[in-house]
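Me: Please take a close look at the place where the ligand sits. Keep it brisk, and explain the terms as you go.

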Amino acid sequence: MSKIKKIVLNENEIPEKWYNIQPDMPNKPLPPLHPATKQPVGPDDLAPLFPMELIKQEVSQERWIEIPEEVREIYKMWRPTPMFRAYNLEKALDTPAKIYYKYEGVSPAGSHKPNTAVAQAYYNKAEGVKKITTETGAGQWGSALSFATQLFGIGLEVFMVKVSYNQKPYRKLLMNTWGADVYASPTDLTESGRKILEKDPDSPGSLGIAISEAIERAVSDETTKYSLGSVLNHVLMHQTIIGLEAIKQMEKAGDFPDVVIAPLGGGSNFAGIAFPFLRYKLTGNKDVRCIAVEPASCPKLTKGEFRYDFGDTAGLTPLLPMYTLGHNFVPEPIHAGGLRYHGASVLVSQLLKDKLVEAVALHQIECFEAGVQFAKTEGIIPAPESTHGIAAVVREALKAKEEGVSKTILFNLSGHGYFDMSAYQDYFDGKLIEHELTDEELHAALKELDTPKIED
Ligand SMILES: *Cc1c(COP(=O)(O)O)cnc(C)c1O
């Protein structure tokens, strides 16, 4: 019998609704608080930043939310994305485990991020927004939103974390090609940027700083809004199209995952693949382990504190109840730029606190090793972020071998690494450092927080 390697769906199998996990959560997420009053934020507080439809999605208790026809039409450019059975990797690992991966790198920007970028651009356009501001770390989000906003004729300003701006010139050019203006953050265009530069003219920047800059720009203009590529509930919901497609593909393969794995920066691709499967567990139908993988140098889920904190450095965002390393935390400039964020999504944080999902922190050298093994066996060169997921898959597959049990592992190959080859160069040259956040660094960053603690 010939083996099925690639499990595909056709265009009319693109899901018609996104999955909102909130109604199925046993403990609802705590409300975001206003940065000044410390009272729960209402829709009006968020209106200067986001279109009303996205604000409604943020707090919606509807389980299924219709994907607009125009968004589904654009999704057809690259969706449904393929799922593969990683036979060659299984063989190389000599494991009894079955390994499947969903490949999101086939999108124009090369990652899962256009799934929400297109949806967000659509809702902004529908409400008459002329320009959007945003931040980007590795450049994945900035390029996804550049692609999406130009399709809808909306302008875009991107504040790109300086260390990535210098490491990844091609990501910047991708954004320019799609018509966006890109600045190396911290900039002197904003109050938040100028404050940081005064203290440290050589600041490598951070996502937290770039978010402050983008928000400051957005609130200073009536027809400009702000957009976030991860963390928020509506962003995670848009990404559930990944898992909803994956469920149909696993059905076609006659299988169901025991373990679902994805890298975690803010939580969007992890939620995207995991939440639709987690629904089976929350409703008591099937057990499935969902594992989020973070870098050892930015371990908010495994070492951070569950408490209210800002999403940005300057304290302009609402306070979010999440696992955090502190909003002043500036992570080491490791290569997985998309995972260098001090906090995590509120939904993922609550689920982790309730022990419904798991988290693991890995060193970047182990991740690149796994990434190279994956490239050699399966062909695709993974994004540095995605290698974190792969390394966790390798661990699970080797554990299955040790225990002599078969299990089915599904992971999200969140993006390709074709614009990240300098990171591979550093790995081959032995220049990657084995950095792990120390307890002193951790406590220093958390000690500065004066935001409300959450009692158990
Ligand atoms: C941005 C990014 C991530 C991490 O962000 P999440 O919001 O946690 O998904 C992971 N992989 C790739 C390829 C990315 O671009």
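Reply: A residue counts as near a molecule if one of its heavy atoms lies within 4 Å of it. The model is predicted, with pLDDT of at least 70 needed for local features and 80 or more for side-chain atom pairs, while totals for chains, interfaces and linings use all residues. Numbering starts from 1 along each chain as its sequence is written, and side-chain values use heavy atoms, with hydrogens and water left out.

Now the ligand. It is surrounded by 18 residues. K113, S230, G265, N269 and S414 are the closest. By type, the shell holds 3 nonpolar, 13 polar and 2 charged residues. Here Ala, Val, Leu, Ile, Met, Phe, Trp, Tyr, Cys and Pro count as nonpolar, Asp, Glu, Lys and Arg as charged, and the others, Gly among them, as polar.

Next, the polar contacts, each a pair of N or O atoms within 3.5 Å. S230 places a polar side-chain atom 2.5 Å from a ligand oxygen. G267 uses a polar backbone atom, 2.8 Å from an oxygen atom of the ligand. S414 has a polar side-chain atom 2.7 Å from a ligand nitrogen.

How much of the ligand does the protein bury? Taken alone, the ligand exposes 380 Å², and the protein buries 98% of that. Such areas come from the Shrake-Rupley method with a 1.4 Å probe.

The ligand takes up the space of the largest cavity. A cavity is a set of points, on a 1 Å grid over the protein atoms alone, where a 1.4 Å probe fits but cannot get out. A molecule sits in one if more than half of its atoms lie within 2 Å of its grid points.

Which elements give two or more residues to the shell? They are α12 (268–282) and α16 (384–403). Helices are DSSP runs (H or I) of at least four residues, numbered from the N terminus.

Finally, the domains, whose bounds come from an automatic or database assignment. The ligand lies between domain 1 (6–12 + 76–110 + 234–446) and domain 2 (47–67 + 113–233), because both give residues to the shell around the ligand.

Methods. Polar contact = N/O pair within 3.5 Å; in protein donor to acceptor, adjacent residues only side chain to side chain. 1 Å grid on protein atoms, 1.4 Å probe; cavity = no way out; pocket = protein on both sides within 12 Å on 5 of 7 lines; lining within 4 Å.
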